[in-house]
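Reader: Please present the model and then take questions on its confidence, its sheet and its helices.

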Amino acid sequence: MSLIAELDSKTRKLIEKTRTHLLESGHLPGFFYSSEEIFQREIDAIFMREWLCVGRVEEFEKPGDYHAMRIAGEPLVVCRDRDGQLRAFRNLCAHRGVEVAVGQGNARLFTCRYHAWSYTLDGRLKAAPHSTEVTNYDFKTCRLPSVNLDTWGGYVFVNFDPDCPPLNECLDEDGVREFAGFLQPENTRTSDKFEFEVPCNWKFVPENLMDMYHVGVIHGASFGGHFPINDFRYNLNGSGYNAVYESYTMAPNGVTLFGPMPWLEGKVTDKFACTTWVRPTMNIFGRHDLIQPWVAMPIDVNRTHVTIYTQLPEAFFDEPGFAEKNQIYADFIKLVATEDLAMLESLQTGISSRGFQPGPTVKLERAIHHLINYYLDILLDEDKDARAIRINDCAEFLADTRAKYPEATDGGYSKTFGSAQV
Ligand code: FES
Ligand SMILES: [Fe+2]
């Protein structure tokens, strides 16, 4: 039975309202963020289907480097094998399912902690002690189940669906490579990785990162004081979300300590800012001097793990005083994230209240409206036509961007900033 048919008429009306045009629309009913049933549907429909960012290639520099994690409760291990190939496996022992890799580090083999079955870094079973008498089990073909892995821009992505479309196809559907490619994330390295757990549903994290309504309010003392919410141009395209806007860098008083990334020098000003959403849970932010993606991964229905990477060009790492400057950037993003954290926690408490009624979406929440309708596209699979009512102003966005940056774009946004696919 479809989800919508199972809901009471009051809830159906609220969802229908969310499906309408932005200025007649409303936020999602609270149970979308607190229901275990919705969460389980999201795991199947989103997290087991989409490409998910799980790290940076530089975190797996040497053969044997590995990172074990859980994504919405699903155990996964990513590693670089002896031949230098990056691989991902379901982190499940073929004996009884214990996770064979733990934490992160460097390993020659993955040896299960329970009964010591061991696996090579390409996933093959190497040894299963005390098992020679066993019949009717093929130890030779036994292995950790492979998970699809690919990279773009130095980011490592995995996909649990064996029949998934290629990563680049998914990225291009939403214009990710076009709009974020010009930042050249592949030529940067992680200078800081800030990880924390937030007591809220995973959807609130990307929503918050597209929410330009709150920036001047809760971030007024950090970066929000000079944030031009009236000149915030979106490209909402399919499930994609890209924006180019004006904001100084993510450092105290918006002052860069490094200067522009070499490949953006002379092309953008120190007020250049952009953001791209990589569905379902990665928001990349770019400034003239850095790249700062946020990646959110659900732990359970109301707990989410967030990683904020700060990435800088290789050359910045060799500058005098790098460690001190880098610490200033690291402290600043922690401050900004802490400002968000309190709101995210309170959002979850509020929507869980029996007294919560969702309010209207305002013009500044255009991207959130787009995003929550993406969730509904997936969860209410009988309602495909509703996609048509979503705002698609790609052409307007591109014309506007070309007009705004004529010298930088040399007559074409994509010519300078990405692969020519406009
Ligand atoms: S569960 Fe791994 S060896 Fe038994
Ligand atoms: Fe924020």
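The exchange below treats the confidence, the fold, the sheet and two helices in turn.

Reader: What kind of model is this, and how are its residues numbered?
Author: Residues are numbered from 1 along each chain as its sequence is written, and chains are lettered from A and ligands numbered from 1 in the order in which they are written. This is a predicted model, in which local features need pLDDT of at least 70, side-chain atom pairs count only at pLDDT 80 or more, and totals for chains, interfaces and linings use all residues.

Reader: What is the mean pLDDT of the protein chain, and over which residues is pLDDT below 50?
Author: pLDDT is the predictor's confidence in each residue, from 0 to 100. The chain has a mean of 87, and 87% of its residues reach 70 or more. Over residues 385-395 the value is below 50, although the model has 21 contacts for this stretch beyond near neighbours in sequence (C-beta atoms, placed from the backbone, within 7 Å). A further stretch under 50, with 34 contacts beyond four places in sequence, is residues 406-422.

Reader: Why should such stretches be treated with care?
Author: Low pLDDT bears on how the model may be used. Where it is low, the predicted coordinates should not be read in detail.

Reader: How many helices and strands does the protein chain have, and what percentage of its residues is buried?
Author: Helices (H or I, at least four residues) and strands (E, at least two) are DSSP runs, numbered from the N terminus. On that basis the chain has 12 helices and 17 strands. A residue is buried if 20 or more other C-beta atoms lie within 10 Å of its own, exposed if 12 or fewer, and partly exposed in between, with C-beta atoms placed from the backbone. Of the 422 residues, the buried share is 40%.

Reader: Which strands stand at the edges of the open sheet of 7 strands?
Author: Two strands pair if DSSP finds at least two bridges between them. The pairing in this open sheet is antiparallel, in the order β1-β10-β9-β4-β3-β2-β5. Each edge strand has a single partner, so one side of it is left without a neighbour in the sheet; these strands are β1 (52-56) and β5 (104-106).

Reader: Which residue takes a positive phi in each of the hairpins formed by β3?
Author: Strand β3 (residues 74-80) has 5 of its 7 residues buried. It is joined by 6 antiparallel bridges to β2 (residues 65-71), and 5 antiparallel bridges link β3 with β4 (residues 86-90). The hairpin of β2 and β3 has 2 residues between the strands, with a positive phi of about 50° at A72. In the hairpin of β3 and β4, with 5 residues between the strands, the phi is near 90° at G84.

Reader: Which residue stands opposite R80, and which is the bridge partner of H67?
Author: The pairing of β3 with β4 places V77 opposite F89. In β4, the residue opposite R80 is L86. On the β2 side, the bridge partner of H67 in β3 is V78.

Reader: How many bridges join β4 to β9, and how many join β1 to β10?
Author: In β9 (residues 146-152), V147 stands opposite A88, and the antiparallel bridges joining β4 to β9 number 2. In β10 (residues 155-159), V156 stands opposite G55. The antiparallel bridges joining β1 to β10 number 4.

Reader: Against which elements do the buried residues of α3 pack?
Author: Helix α3 (residues 36-47) has F39, E42, I46 and F47 buried. They cover an arc of only 70° around the axis (taken from the directions from the helix axis to the C-beta atoms), which puts them on the same side of α3. The face turned away from that side carries the exposed residues E37 and D44. The buried residues pack against β1, β2 and α9.

Reader: How many residues of α9 are buried?
Author: Helix α9 (residues 366-379) reaches 20 Å from its first C-alpha to its last, close to the 20 Å expected at 1.5 Å a residue (1.5 Å times one less than the number of residues). Its buried residues include H369, H370, N373 and Y374. Of the 14 residues of α9, the number buried is 11.

Reader: What separation do the C-alpha atoms of R41 and L379 have?
Author: R41 lies in helix α3, and it counts as partly exposed because it has 14 C-beta neighbours inside 10 Å. R41 and L379 are 338 residues apart along the chain, and their C-alpha atoms are separated by 7.3 Å.

Notes:
Two residues are in contact if their C-beta atoms, placed from the backbone, lie within 7 Å.
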